[in-house]
Amino acid sequence: MSTAAAADAPSMRAVPPNRLIAFYRSSIGKKWIVALTGLVMVGFVVVHLIGNLQIFLPPAYINAYAAKLKSLGPVLWLFRISLFAAFVLHVINTIQLSRMNRVAKGERYVKEATVQATVASRTMFYSGLILLAFIIFHILHFTLGWIPTENIHVMDYAPEAGNAKDPLLHNVWKMLVGGFRNPFVSVFYLVSMGLLCMHLSHGVESTVQTLGLRTKPLARPARYLSWGLGWAVFLGNAAIVLAILFGFIK
Amino acid sequence: MNLTLKVWRQKDSKSPGRIETYAAKNIPESASFLEMLDIVNEDIMHAGGEPIMFESDCREGICGTCSMVINGYAHGGQRGTTVCQLHMRHFKDGDELTIEPWRAAAFPVVRDLVVNRSGLDRIIQSGGYVSVRTGSAVDGNALPVPKKNSDLAMDAAQCIGCGACVAACKNGSAMLFLSAKVGHLGLLPQGQPERHRRVLNMVRQHDQEGFGNCTNQYECEAVCPKEISSTFITRLNRDYAVASARELLGAV
């Protein structure tokens, strides 16, 4: 490297005072945070679905599964706190990015057109906001039991799952069946799962892109993975709600 | 052919702009889009009006000067084509065309369809070069470059810096431009010594200029006249993360 050329490029040596903050504040840094936190939540959604699909088995299975989760104690809280942190970071950073992007575009076109932007990709912010409302409702509904629907949060004896020491177990099976008997609740869940399907169908592919893994040969598989995962989560969750709503599980 | 043009007219960066309607009469199908505007401008000037200002230079699709959005499509929507290489035969007699300048907060309108794209130049100044004295040309194979890398680097090097990616992006992001420049140098051996510093500086300059963030819709790739692939943005995301991690550890 010649000294003359290096002198022409002083900025090549500039290092920000706090490098971690510089990464967090940068456009790509924020995208990495959104992608990684999104990945954590996708992992949770998949595990959550697999666990809940036990509703199609006799009540003993899902109740025992729930009891097992609750017995994890501090590990459970570690998962909850991590998930909550991922959730908060995801929401804050996407809102910040959306605001920055709105400012960066400035005046919009009189005539707007798109070539290949999907509907899901153009509605990420809105599907995300409605999902935020859904998540709050869902936690109030089933985790805290503050939403008064039929048979919610029944802390009754679930003999199949109980043991001698702690016979009073959370009867998850009864709670789910009771919760989704209400058509308004069920429809809200179904709509939310539809939005989650859309959100994932763009989000998963975006994650692969942001993490720098969407190479040319992987571009198409990444899209299929994204759509496949979105639909799998939708169909799996919708099956639970519909099976209960229409009385196949009672 | 006869067309109706709805053109963004704006006196200067401070004045408000508006859409005005013009009739484009007797346009030959063989005319390029810019030649069509030349004809319309002749008519406007003969009638004593101010011609529509637009930028053009080579008119052969290699300089990246021409820049306008037609019916919502940067460069007019013909795949892999700059607006100067877009011909009127792609339109139908009687079409109504809305013609607007590139829209992005980082590209302020100078006048009519002319915008200030200096932000892209400043991104290049922040790291889009290699600090080596090249001297006279060396033997072709003295410096081995894998064929795959040289092909990819050439794909990226096709970027003419027109800014259509920014114009097409709903977020006014210049990531496709930035990724092409970072990718082009990052793929070649000459670009390696400054690879990490380069991507850090160029991304920071990009953000500082007020360009937005990529939300992975790839509208940029669809309108790019040089068909730069969005997978260069993938590479940029990867390079930036690696460079940031190295910077954090004090290794850059």
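Helices here are DSSP runs of H or I with at least four residues, strands are runs of E with at least two, and both are numbered from the N terminus. The expected span of a helix is 1.5 Å times one less than its number of residues. With that in hand, helix 8 (residues 231-248) of chain B is an easy place to start: its 18 residues reach 26 Å from first C-alpha to last, close to the expected 26 Å.

A word on the ground rules. This is a predicted model, in which local features need pLDDT of at least 70 and side-chain atom pairs count only at pLDDT 80 or more, while totals for chains, interfaces and linings use all residues. Residues are numbered from 1 along each chain as its sequence is written, chains are lettered from A and ligands numbered from 1 in the order in which they are written, and side-chain values use heavy atoms, with hydrogens and water left out.

**Two helices of chain B**

Buried means under 20% relative accessible area, exposed means over 50%, and partly exposed lies in between, using a 1.4 Å probe and protein chains only. In helix 8 of chain B, 13 of the 18 residues are buried, so this helix is largely enclosed by the rest of the structure. Just after helix 8 of chain B comes Gly250(B), with a positive phi of about 75 degrees.

Helix 1 (residues 33-46) of chain B has 14 residues and spans 20 Å between its first and last C-alpha, close to the 20 Å expected. Its buried residues are Phe33(B), Leu34(B), Met36(B), Leu37(B), Val40(B), Asn41(B) and Ile44(B). Viewed down the axis of helix 1 of chain B, these buried residues fall within an arc of 150 degrees, so they line one face of the helix; the arc is that of the directions from the helix axis to the C-beta atoms. The general background is that an α-helix has 3.6 residues a turn, so residues three or four places apart point the same way.

What does that buried set pack against? Contact means heavy atoms within 4.5 Å, and the partners of the buried residues of helix 1 of chain B are strand 1 (3-9), strand 2 (18-24), strand 3 (69-70) and strand 5 (96-100) of chain B. Asn41(B), in helix 1 of chain B, is buried at 7% relative accessible area. Beyond its neighbours within four places in sequence, Asn41(B) is in contact with Pro51(B), Ile52(B) and Phe54(B). Helix 1 of chain B is followed by Gly48(B), whose phi is positive, near 85 degrees.

**Loop residues of chain B**

Two residues combine a loop position with a positive phi without being glycine: Arg59(B) and Asp112(B). Ser67(B) joins them in the table as another loop residue.

| Residue | Loop of chain B | Relative accessibility |
|---|---|---|
| Arg59(B) | between helix 1 and strand 3 | 27%, partly exposed |
| Ser67(B) | between helix 1 and strand 3 | 0%, buried |
| Asp112(B) | between strand 6 (109-111) and strand 7 (114-115) | 2%, buried |

For the backbone, phi of Arg59(B) is near 55 degrees, and phi of Asp112(B) is about 45 degrees. Ser67(B) touches Glu55(B), Val83(B), Trp102(B), Leu113(B) and Arg117(B), leaving out residues up to four places away in sequence.

**Helix pairs in both chains**

Axes are lines fitted to C-alpha atoms, for helices over the stretch in contact, and angles run from 0 to 180 degrees between N-to-C directions. Angles under 35 degrees count as roughly parallel, over 145 as roughly antiparallel, 65 to 115 as roughly perpendicular and the rest as oblique.

In chain B, helix 2 (residues 118-125) and helix 5 (residues 175-186) pack at about 30 degrees with axes 11 Å apart. These two helices of chain B are therefore roughly parallel. At their meeting place, Leu120(B), Ile123(B) and Ile124(B) of helix 2 meet Phe177(B), Leu178(B) and Lys181(B) of helix 5.

In chain A, helix 9 (residues 183-210) and helix 10 (residues 216-245) pack at about 170 degrees, their axes 7 Å apart. That makes helix 9 of chain A roughly antiparallel to helix 10 of chain A. Val185(A), in helix 9 of chain A, is buried at 6% relative accessible area. Val185(A) and Phe142(A) are 43 residues apart in sequence and 12 Å apart in space, C-alpha to C-alpha.

**Chain A overall**

Chain A has 10 helices and zero strands. Of its 250 residues, 43% count as buried. Among contacts in chain A between residues at least 6 apart in sequence, 72% join residues at least 24 apart.
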